[in-house]
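Visitor: Could you walk me through this one slowly, since I am new to reading structures?
Guide: Gladly, here it is.
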Protein chains: 2
Amino acid sequence: MATSKKARTHPPYELLYWPGIPGRGEFVRLAFEAACVSYKDTANEPGGPGAKAVVEVLSRDSLSSDGNPPVFAPPALRVPGEGKNGAPLVIYQTPAILSYLGDKLDLAGADEAEKAWIQAHALTALDLNNEAHDTHHPVAVSKYYDDQKEESLKKAADFRETRIPKFLSFFERILKANEAQGQGKFLVGAKLSYADTTLWNVLSGLQYAFPNELKARKKDYPLLFDTFYDNIAHTKGISEYLQSERRLPFGNGIFRHYPELDRP
Amino acid sequence: MATSKKARTHPPYELLYWPGIPGRGEFVRLAFEAACVSYKDTANEPGGPGAKAVVEVLSRDSLSSDGNPPVFAPPALRVPGEGKNGAPLVIYQTPAILSYLGDKLDLAGADEAEKAWIQAHALTALDLNNEAHDTHHPVAVSKYYDDQKEESLKKAADFRETRIPKFLSFFERILKANEAQGQGKFLVGAKLSYADTTLWNVLSGLQYAFPNELKARKKDYPLLFDTFYDNIAHTKGISEYLQSERRLPFGNGIFRHYPELDRP
């Protein structure tokens, strides 16, 4: 658990996610870490429930006694005392969790316009995240990579050749458009938002999964890779987190390094 | 344009989307129609700019003079007078537009918990929408279906056999969990939300694209297909819309009827 002087002024947020992988839980972790707000990483807590807490929230057939609906997939966020009639609140879907936490942690923008743009940019970064996942699972999520390797080679080639440059050039344009305020450091306004931390993690994952491709392309997006990426990594909270054991390594999750899917 | 007594109390909302197809613009249209609030469907207006308005908003390289950032993909929403310093506000990403409009049109829930659940359920319905799209474009969005037919047959089989039942049984559980308040008619609480209209449109599209598959499965989800689906279709605003020429037919967009991808 991150320790912070802010810890006692916030409810004890609990992240419910699969243990041992960054995955989509990482976007939620980064919001907490950037805000220097403590949280329980339930499945990864030493002596904690592990995957059991996740399985429990997924397997509910109906409204539990706390009034929350079932959850489609992790991550989920549990916030004691913030639900109906003082019960815990349980919400799911990464963008919905980020939108909720963004408001609470002051990472969601200064006004209604910024709030909408931050949400839109975070959703776009998450679309890129999902497309990266689909390069190794183009046919069926429930089947192994080895069972869809031929299709993966085709999907990854298209991802590298058309999708990566489309997304990266879009975000470079966003940074450029906001340069007067954001100095290339922030996507919206003059302040860190959950759109920044979300995009940062996707860029981090892409460099892990497609190192050759990203190395060849980085120079085309100077604001994105020089100014923005480095600035977020050195932000207070984030920089401490990245040096801690709480930052789980990429491995066999959304971002996977299969050399045959990368640029030769 | 939908006419309504509410028209003059709201700003002249403008939907920017490709002309002639329901697509992702449809989720935005349904929110307006359900709220009986008038809007400009820019590209489909007789004598209007057609696709030009969409291309314009996509091709901006930097902040336009109105202070809005570039847009990654349509749909986008333009709201005159609601942006920075009285400029128009332009936002993109379907879930971000729905979240913004949900608040304005009273389709976003009664409190913070309902708001988060409505957003999460709408995102889940949109995930199903995206997976339906990927059945005919599993390898590359930019290539023709005919160039990825072999992969599409595999992807569609998995979609029918594992993904459709996973999503439908989840939403049946949501309706069941909320039955005391929603009577099977609403996903959250006792009132229509943009999660309802969003899921409804996805179910409508699935029945167009995979008629045999849906016919065979409908009986397993009685709340979803008997109570919920029919109720939304008969909601004031929606029912008038569905009988109007404003409702564009499915065709060659996200939902496509390729018999070879359906259950034989």
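Guide: We will talk about how the chains relate, then a sheet, then the empty spaces.

Guide: This is a predicted model, in which local features need pLDDT of at least 70, side-chain atom pairs count only at pLDDT 80 or more, and totals for chains, interfaces and linings use all residues. Residues are numbered from 1 along each chain as its sequence is written, chains are lettered from A and ligands numbered from 1 in the order in which they are written, and side-chain values use heavy atoms, with hydrogens and water left out.

Visitor: OK, what turn lays chain B on chain A?
Guide: A turn of 180 degrees with a shift of 0.0 Å along the axis does it, giving an RMSD of 0.0 Å, where the copies are superposed by least squares on the C-alpha atoms of residues with pLDDT of at least 70 in both. That is the relation of a two-fold axis.

Visitor: And which residue of chain B comes closest to that axis?
Guide: That is Pro138(B), whose C-alpha lies 3.0 Å from the rotation axis.

Visitor: Through which surface do the copies meet?
Guide: They meet through the same surface, because 100% of the interface residues of chain B are also interface residues in chain A; contact here means heavy atoms within 4.5 Å.

Visitor: Changing topic, in what order do the strands of the sheet in chain A run?
Guide: The order is E2-E1-E3-E4, four strands in an open sheet with mixed pairing. Strands (E, at least two residues) and helices (H or I, at least four) are DSSP runs, numbered from the N terminus, and two strands pair if DSSP finds at least two bridges between them.

Visitor: Which ones stand at the edges?
Guide: Strand E2 (40–41) and strand E4 (89–92) of chain A do, each with a single partner strand, so one side of each has no neighbour in the sheet. Strands E1 (14–16) and E3 (76–79) of chain A pair in the antiparallel sense over three bridges, and Leu16(A) stands opposite Ala76(A) in E3(A).

Visitor: What does the UniProt annotation say about chain A?
Guide: The unreviewed entry annotates residues 111–250 of chain A as "domain: GST C-terminal", and such annotations may be inferred rather than shown by experiment. Over residues 111–250 the chain is 70% helix and 0% strand.
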